[in-house]
Amino acid sequence: MQTHWCYLTGGGHLKRAHQENQPHHSMKNAKLERLLQSFNHLTCYCDYTFCWIRMDFYTKTRRRCYFSLPFYFALLLLSGQGASAQIRYSVAEEVKDGTVVGNVAKDLGLDVAFLTDRRFRVVSGSKDPIFEVNQINGALYVNKHIDREELCKDSGPCLVEQKILVENPLEMHYVTVEITDVNDNFPSFPEKQQIIEIAEHTLTGRRFQLHNARDPDAGINSVRTYTLTPNDYFDINVRQSDTGMIPFLVLKKSLDREKKSSHALVVTAVDGGKPPKSGVLSISITVLDINDNRPIFSQEIYELSIKENIPIGTTVFRMNATDVDEGVNGEIEYKFGKTLSRKVYDIFELDKVKGEIVVKGLVDYEEKNVYELDVEASDKGTPPLTGECRLILKIIDVNDNPPEIEITSLSNSVSEDSKQGTIISLLSFSDKDSGVNGKIVASIINNVPFELKPSYKENIYSVVAKGILDREEVSHYDISIKISDCGDPPLSSFKTIKIEISDINDNSPQFSRNLLQIYLVENNVAGSSIFSVSATDNDLNENAAVSYSILREGNENSVNGFLNINSENGQISALKSFDFETLKTFQFQVVASDSGSPSLSSNVTVNVFILDQNDNAPVILYPVSSNGSAEGVEEIPRNVN
């Protein structure tokens with residue numbers, strides 16, 4: 001065993017000399033030598049005002065203990081005079097009550113037999129001291145629960161000083177107990193949750209400081225590391241500072257709010273105890289939006305069919321664009337494209353907020369059957385982003401237009417000798433509607449000798465004669481034509497064509513009777529009209545202009561030679577006076593001829609009966625006398641009327 005000798009030199013400095021088992025010549029006290037040899041290690045140290053001796057030794061249980069004494073106290077103690085001593089022990093926190101820290105009496109060299117008599121005790125200002133001494137065996141033991149973190153707030157050595165007092169003679173001893181730490185506390189964060197807002201597309205490598213975890217334990221039992229739940233976007237980085245480890249959240253992958261708007265992470269603080277304890281901090285990351293997405297329509301081209309004449313104010317379609325940005329970056333306004341014609345703006349209106357396309361004017365299929373509307377959706381970001389689509393509005397035809405008749409060619413006058421199939425007129429039908437609404441059915445609805453014949457081209461018809469025309473029976477026709485479309489309900493139009501039947505000389509003049517009898521009194525005045533005839537011709541104009549003549553046949557000296565007829569009016573006059581006694585009857589024929597080409601004629605036979613007048617005296621024919629008188633006797637039967 002090595003013995004350390006100390007001696008005091010001038011200037012207030014303590015010098016140390018060591019020589020194995022050989023006492024220094026300046027200190028020849030045998031008692032002191034024996035005491036010093038009982039220590040396993042003795043260390044001397046001092047400052048400019050005070051010097052100390054630290055003595056280390058082993059107990060019977062091989063427990064290493066030490067105490068330090070002021071140098072002059074040590075000299076007094078070693079020389080056997082009343083003094084005080086300081087001993088240092090260590091004990092772990094959280095040990096059970098009654099745990100022995102060390103045997104103070106033995107370490108101080110006190111006789112345990114007199115501890116009670118000397119009132120061996122702990123002097124404390126508290127009624128319930130942490131440590132107490134056993135007056136029977138001189139042991140220092142734990143009197144109540146020890147919590148190092150409660151006793152010592154800092155992380156340095158936790159030293160509790162206890163005063164040990166013995167009397168007869170009075171001695172004050174100082175016992176310092178170091179409370180060693182055990183891992184009895186979990187790391188904890190000042191808050192359970194930390195909220196961090198990060199703009200999307202923030203550059204990678206950006207660091208965000210997190211709350212520090214605190215662990216009241218000291219040394220290896222304090223916080224030693226931080227871990228982060230596995231994820232694709234963040235890592236954890238730790239910076240060492242005077243106050244401990246400061247955790248930082250490091251962005252390792254660019255954020256996209258539209259893919260993931262928030263991230264929930266857990267940071268775990270782990271201490272170095274065995275087993276280790278940990279505490280957690282919930283990290284809620286909100287990804288702030290930037291205007292990096294344009295409004296998008298679900299389709300680039302929409303197709304929609306609406307009926308024409310749709311009521312004004314009707315909503316025909318609602319545009320719906322989505323912008324995955326949020327706030328004003330996701331607020332959308334709609335408008336028509338700048339290249340649309342002015343007519344579109346007159347017919348349709350677009351609500352810029354709702355995206356509703358509303359009819360504001362007349363939608364007419366016949367005017368335009370397809371509208372292509374370019375629609376833009378813009379957000380309110382800075383700068384705004386725009387998405388486009390096209391709405392194709394196909395107009396469905398409704399049967400709102402009646403068919404129309406156009407007379408392409410018309411012969412106002414038709415000869416009555418026209419043959420069947422003769423084309424009278426050419427007609428063109430049309431309907432502005434389409435499909436079945438524009439399909440036309442045509443017919444002549446009155447009873448006329450005409451019909452409609454379709455041509456090789458659709459909706460072109462000709463009016464042709466289908467029967468015999470006779471102007472003398474019907475001089476003109478009103479042909480009523482009806483055309484109807486095939487809509488539901490069908491619409492119809494009517495047209496009347498007036499046709500005049502032109503005359504041909506197909507009728508000869510006709511007398512009212514085939515035989516005329518005239519009674520003419522004899523002795524008529526020569527040259528006077530004795531009779532008139534009249535014939536009619538159903539034809540017109542020249543074809544109906546009748547002239548009269550007497551058919552003269554045979555001898556010019558016949559009676560016919562004494563008759564004259566006015567060719568225009570048929571007045572017949574006798575050029576001589578007729579005598580009943582010489583001509584009692586005769587007949588002649590009157591010819592009525594028209595002016596047609598060729599001319600047609602007809603005759604009438606006129607029987608003339610001469611009526612007698614009393615223009616002759618009676619004449620006796622028998623018996624004839626010479627003087628003209630007659631005499632004679634005739635017998636007349638009595639029964640003669």
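This passage looks at one loop residue, Asn231, and then at a four-stranded sheet in a predicted model.

Asn231 sits in the loop that links strand S15 (223-228) to strand S16 (234-241). Despite the loop setting, Asn231 counts as buried, because its relative accessible area is 19% and the cut-off for that label is under 20%. The side chain of Asn231 has polar company on the backbone. One of its polar atoms lies 2.9 Å from the backbone oxygen of Thr229, and the side chain also reaches the backbone nitrogen of Phe234, at 2.5 Å. Setting aside residues up to four places away in sequence, Asn231 touches Lys252 and Leu265.

Now for the sheet. Four strands make up an open sheet, in the order S29-S31-S34-S33, and the pairing is antiparallel. Strand S29 (404-410) and strand S33 (450-454) take the edge positions; each has a single partner strand, so one side of each goes without a neighbour in the sheet. On average, neighbouring strands of this sheet are turned by 30 degrees against each other, with direction ignored.

At the S33 edge, the pairing can be followed down to residues. S33 and strand S34 (residues 460-465) run antiparallel and are joined by five bridges. Take Glu451 as an example: its bridge partner in S34 is Val464.

Methods. Residues are numbered from 1 along each chain as its sequence is written. This is a predicted model: local features need pLDDT of at least 70, side-chain atom pairs count only at pLDDT 80 or more; totals for chains, interfaces and linings use all residues. Side-chain values use heavy atoms; hydrogens and water are left out. Helices (H or I, at least four residues) and strands (E, at least two) are DSSP runs, numbered from the N terminus. Buried means under 20% relative accessible area, exposed over 50%, partly exposed in between (1.4 Å probe, protein chains only). A polar contact is a pair of N or O atoms within 3.5 Å; within protein, one must be able to donate a hydrogen and the other to accept it, and residues adjacent in sequence count only if both atoms are side-chain atoms. Contact means heavy atoms within 4.5 Å. Two strands pair if DSSP finds at least two bridges between them. Axes are lines fitted to C-alpha atoms, for helices over the stretch in contact, and angles run from 0 to 180 degrees between N-to-C directions.
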